[in-house]
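Q: I should like to learn how to read helices and strands in a model of this kind. Could we go through them step by step?

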Amino acid sequence: MSENLKTIKELADEWGITKQTIQYHIKFLPTENRQKNDSGSTVLTLEEQRIIKKGLKEKIKINRQKTDRKMTKNRQKTHKKK
């Protein structure tokens, strides 16, 4: 098996996220060439890993923007009360 292939657990541990998060993003990948290792675990190619990582970065960016907007609104409300 190629060193570039990683299981869902290996990626989750490496990136410090849950396996469920990886599995969520796998749903959006094409399934035609899904590979499994000798023990039957799904393994992801470098390209699939890159796509998932890009999706995670986008999700983090969107969440950060939402949090920033919420904090700005809260500050504005606080300043209006004074």
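A: Let us begin with a helix, bearing in mind that this model is predicted. In helix H2, which covers residues 19-26, the buried residues are Ile-22, His-25 and Ile-26.

Q: Why do the buried residues of H2 lie on the same side of the helix?

A: They span an arc of only 105° around the axis, and therefore they are on the same side of H2. The general idea is that an α-helix has 3.6 residues a turn, so residues three or four places apart point the same way.

Q: At what angle do helix H1 and H2 pack?

A: Helix H1 (residues 8-15) packs with H2 at an angle of about 120°, and their axes are 8 Å apart. Because of that angle, H1 is oblique to H2. The crossing in which H1 passes H2 is right-handed.

Q: Which residues of H1 and H2 meet?

A: From H1 come Ile-8, Lys-9, Leu-11, Ala-12 and Trp-15; from H2 come Lys-19, Ile-22, Gln-23 and Ile-26. Two of the H2 residues in this contact, Ile-22 and Ile-26, are also among the buried residues of H2.

Q: In what order do the strands form the sheet?

A: The order is E1-E3-E2, in an open sheet of 3 strands with antiparallel pairing. Strand E1 (6-7) and strand E2 (35-36) are at the edges; each has a single partner strand, so one side of each has no neighbour in the sheet.

Q: How many bridges join E1 to strand E3?

A: There are 2 bridges between E1 and strand E3 (residues 42-44), and these strands run antiparallel. As an example, Thr-7 has Val-43 in E3 as its bridge partner.

Definitions and conventions: Residues numbered from 1 in each chain as written. Predicted model: local features only at pLDDT ≥ 70, side-chain atom pairs only at ≥ 80, totals over all residues. Heavy atoms only, no water. Buried < 20%, exposed > 50% of the residue type's maximum accessible area, 1.4 Å probe, protein only. Helix = DSSP H or I, 4+ residues; strand = E, 2+ residues; numbered from the N terminus. Arc of directions from axis to C-beta. Pairing = 2+ DSSP bridges. Axes fitted to C-alpha atoms, helices over the stretch in contact; angles between N-to-C directions. Parallel < 35°, antiparallel > 145°, perpendicular 65-115°, else oblique. Left-handed = near helix turned anticlockwise from the far one by under 90°. Contact = heavy atoms within 4.5 Å.
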